[in-house]
Amino acid sequence: MADFEPNILRATPDDSEDLSRLSTALFHLGCPAHTPAEDLLAFTSRELTAQKFREFIDDPGNAILLARVSNRLAGFALVAQAPAPQQSRADVELRKFYVDTPFHGTGLANVLMKEALATAEAAAKAGIWLSVFSGNPRAIAFYQRWGFRIIGEKTFVVGKDHQQDYLMENETPSRA
Ligand SMILES: CC(C)(COP(=O)(O)OP(=O)(O)OC[C@H]1O[C@@H](n2cnc3c(N)ncnc32)[C@H](O)[C@@H]1OP(=O)(O)O)[C@@H](O)C(=O)NCCC(=O)NCCS
């Protein structure tokens, strides 16, 4: 049971500005603490713009799920039809998963993950994968609780900063 019962909705292009703002504000939490500000900015100003979110939303291979509390955007998940880079046959990626800090530890992330996994499972033939910074123990523990396991590593580039990510997979046994 979550402390806040969010409304879970599919994003429309009108949500792009909100999505850009929230992801830009939270992006650094998923990176090493030493990541230079200019590298964070290089990434967010290219990859997390409202225009990028409009493109994500327009792509029929993607689904963005919003968690709204009292009409405020409290979190979102981006599910994308995309093959895992290696080590896995998984074909649907949980590409972004962000919950705003006041809602951490409230159970809201669980409500969002349940919906995100249902959306991902409906599209997946072999499994669901994600990558997460290897020094983000909170997110890793959260994903493990939801059935993801570490299957490998991959480099993620933020500006000029090369970060070590874990590749995690959640097989969908009913469809494997
Ligand atoms: C990742 C995220 C969605 C998880 O949501 P949350 O509400 O914080 O998650 P929960 O509190 O339900 O679960 C976190 C787990 O990590 C544990 N945890 C918290 N801090 C921890 C730490 N420093 N080290 C290890 N485990 C930690 C909690 O005890 C909990 O474990 P449990 O499931 O065994 O009880 C949220 O923290 C978030 O959006 N973070 C910022 C963005 C981010 O990093 N996204 C992931 C990018 S891949």
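Which residues of helix H3 (residues 50-58) are buried? Keep that in mind while you get your bearings.

**Before you click**

What you have open is a predicted model, where local features need pLDDT of at least 70 and side-chain atom pairs count only at pLDDT 80 or more, while totals for chains, interfaces and linings use all residues. To find a residue, count from 1 along each chain as its sequence is written.

**The whole protein**

Start with a cartoon view. You should find 5 helices and 7 strands; these are DSSP runs, numbered from the N terminus, with helices being H or I of at least four residues and strands being E of at least two. Follow the sequence and the pattern reads β-α-α-α-β-β-β-α-β-α-β-β.

Now zoom out. The C-alpha atoms fill a box of roughly 40 × 35 × 30 Å along the principal axes. The radius of gyration is 15 Å, which agrees with the value near 16 Å for a compact globule of 176 residues. That radius is taken over C-alpha atoms, and the globule rule is 2.2 Å times the number of residues to the power 0.38.

Of the 176 residues, 35% are buried. Buried here is a matter of counting: 20 or more other C-beta atoms within 10 Å of the residue's own, with 12 or fewer making it exposed, anything in between partly exposed, and the C-beta atoms placed from the backbone. As for contacts between residues at least 6 apart in sequence, 68% join residues at least 24 apart. A contact means that the two C-beta atoms, placed from the backbone, lie within 7 Å.

**Stop 1: helix H3**

Select 50-58 and show side chains. Here is the reply to the opening question: Phe53, Phe56 and Ile57 are the buried ones. They span an arc of only 95° around the axis, so they sit on the same side of H3. The arc is that of the directions from the helix axis to the C-beta atoms. Turn to the face pointing away from the buried side and you meet exposed Gln51 and Asp58. The buried residues of H3 pack against helix H1 (16-26), strand S2 (62-69) and strand S3 (72-81).

**Stop 2: helix H1**

Next, select 16-26. Ser16, Leu19, Leu22 and Ser23 are the buried residues of H1. Look down the axis of H1: these residues fall within an arc of 135°, so they line one face of the helix. They pack against H3, S2, S3 and S4.

**Stop 3: strand S2 and the loop after it**

Pick Ala63 in strand S2. Alanine 63 counts as buried, because it has 22 C-beta neighbours inside 10 Å. Leaving out residues up to four places away in sequence, alanine 63 touches Arg10, Val79 and Thr119. Try the distance tool between the C-alpha atoms of alanine 63 and valine 99: they are 36 residues apart along the chain and separated by 17 Å.

Move on to the loop between S2 and S3, where you will find serine 70 and asparagine 71. Most residues other than glycine have a negative phi. Serine 70, though not a glycine, has a positive phi of about 50°, and asparagine 71, also not a glycine, has one of about 70°. Serine 70 is exposed, with 8 other C-beta atoms within 10 Å. Asparagine 71 counts as exposed too, with 6 C-beta neighbours inside 10 Å.

**Stop 4: strand S4**

Select 92-99. Is S4 largely enclosed or largely open? With 7 of its 8 residues buried, S4 is largely enclosed by the rest of the structure.

S3 and S4 pair in the antiparallel sense over 7 bridges; strands pair if DSSP finds at least two bridges between them. Leucine 78 stands opposite lysine 96 in S4. S4 and strand S5 (residues 127-133) run parallel, joined by 2 bridges, and here valine 92 stands opposite isoleucine 128 in S5. Trace the chain from S4 through helix H4 (residues 108-123) to S5 and you follow a right-handed β-α-β crossover. Right-handed means that, with the strands pointing away from you, the path from the first strand over the helix to the second runs clockwise.

**Last stop: the ligand**

Finish by selecting what surrounds the ligand: 17 residues, the closest being Gly30, His104, Ala109, Pro137 and Ala141. A residue belongs here if its C-beta atom, placed from the backbone, lies within 6 Å. S4 and helix H5 (137-145) each supply at least two residues of this shell, and H5 gives the most, with 6 residues.
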